[in-house]
Amino acid sequence: MKRRQFLHAAGASALLAGCTTITGQARPQVVVIGGGYGGATAARYVRLWSDNRIDVTLIEPNASFISCPLSNLVLGGSRQIGDLTLSINALADKHGVRIVRDTVTSINAEKRTLALASGQTLNYDRLIVSPGVDFMWDQLPGMLKPGAQDSILHAWKAGAQTVALRAQLEAMPDGGTYAITIPPAPYRCPPGPYERASQVAFYFSRHKPRSKVLILDANDDVVSKGPLFKKIWKERYGGIIEYRPSFRTADVDAGARTAISELGDKVKADVLNVIPPQRAGSIAVQTGLANANARWCAVDFLSFESTQAAHIHVLGDAIAVAPLMPKSAHMANQHAKVCAAAVVDLLSGRAPYAQPMLTNTCYSFVSDHDVIHVASVHAYNAEKKTLLVVSGSGGVSSAASALEGEYAMNWARNIWADTLG
């Protein structure tokens, strides 16, 4: 997003002092659901760009922020989950965000209220929903059986399952097979499954050299950075990684650790890692905000306001994305800044900035130090009312390198600081 948009947003704060809300309070009330890369960033920047004239409440059940980016390194053995676990307290201590550790159970868009699991009801003038993704388990019937999800892990939300999947890999005998199933796009973090396969292969190459990594991809080809990943797999992990495209997992036999394709093909593994098909987080689906095939949330890209409900904005992985826009942490952070600027403007009586521009970078570790990346720039197109990739922007790495590994770690430290303050 351009600097003049930041200044435009910050300049609106002078008008906010006289803004009267639907609740009769002198200070506008913004509530944010979800403390991930989208929600936490939005909460911080609404406070910052309004000069603290807007009250912001963040609803987040978890006490800590655990980064999905870099979490595959836990599986490769070069990081611990504690390295990716960060406090969200600076949002309250430094920026004055009220943090409520609770879960939203319902939203009343007409009354502009929401209910919490604790029984509390909150009013809002603007609601920002950043619910992440949830899984479409009904598309994998075997995973609905008792105990299936405890033994066949997804680890697609960083945390306890990441640690548990690492333990499964450590317990696997040398000569065993790790299989990962990849759902049809779109899903959270397009290059993430291929980075994960690379990390597991790196671990095997050091500690279990007779073991295999089997990639069962529902897509016709590698979704992101395909030529680079394939080159690396051939040169570094030849004999370890096998890639099978167009293997659409339709069911799982958890007891037999077997993935079953829609054609009836069965693949058994010593460690089976099933990444299910995904949709917007449950609160978005339950409240009707997921109005794109009942799966993703359509938004106005000038403000990220829902096309389904006024005064509600949706961010991050939950949205129906613009063309070639990935569901990534970097992009969620960018959504949040466009949205925060728009919310400040709207609560001051101004129209949102008409020319937002977003950037994205996704880094993928293919060993403990070597990294490849893909980058892009997205600008608002008024005629098509969407964000389009700027011609000639971005690109991909020419090769994996340790220098890009340094860039990736600096990116992580910077986005954590930017998101959490």
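Two strands count as paired when DSSP finds at least two bridges between them. With that in hand, take a look at a little piece of this predicted model: an open sheet of 3 strands, ordered 14-15-16, with antiparallel pairing. Strand 14 (249–253) and strand 16 (266–268) sit at the edges, each pairing on one side only. Ignoring direction, neighbouring strands here are turned by 25° against each other on average.

Zoom in on one of those pairings. Strand 14 and strand 15 (residues 258–261) run antiparallel and are joined by 4 bridges. If you want a spot to click on, try valine 252, which stands opposite alanine 259 in strand 15.

Now over to a pair of helices. Helix 7 (residues 160–171) packs against helix 8 (residues 192–207) at an angle of about 35°, and their axes are 11 Å apart. The crossing is right-handed. On the helix 7 side you'll find Leu165, Arg166, Leu169 and Glu170, and these meet Arg196, Val200, Tyr203 and Phe204 of helix 8. Sorted by class, that contact has 5 nonpolar and 3 charged residues, with no polar ones.

Last stop: the second largest pocket, which holds about 420 Å³ of space. It's lined by 20 residues, and Pro190, Ser224, Leu324, Met325 and Pro326 are the closest to its centre. What classes do the residues of the lining divide into? There are 15 nonpolar, 3 polar and 2 charged. Strand 22 (357–365) and strand 23 (371–381) each supply at least two residues of that lining, and strand 23 gives the largest share, with 3 residues.

Definitions and conventions. Residues are numbered from 1 along each chain as its sequence is written. This is a predicted model: local features need pLDDT of at least 70, side-chain atom pairs count only at pLDDT 80 or more; totals for chains, interfaces and linings use all residues. Side-chain values use heavy atoms; hydrogens and water are left out. Axes are lines fitted to C-alpha atoms, for helices over the stretch in contact, and angles run from 0 to 180 degrees between N-to-C directions. A crossing is left-handed if the near helix is turned anticlockwise from the far one by less than a right angle, and right-handed if clockwise. Contact means heavy atoms within 4.5 Å. Ala, Val, Leu, Ile, Met, Phe, Trp, Tyr, Cys and Pro count as nonpolar, Asp, Glu, Lys and Arg as charged, and the others, Gly among them, as polar. On a 1 Å grid over the protein atoms alone, a cavity is a set of points where a 1.4 Å probe fits but cannot get out, and a pocket is an open set with protein on both sides within 12 Å along at least five of seven lines; lining residues have an atom within 4 Å of a point. Grid points are joined across faces, edges and corners, and a volume is the space filled by probe spheres set on the points.
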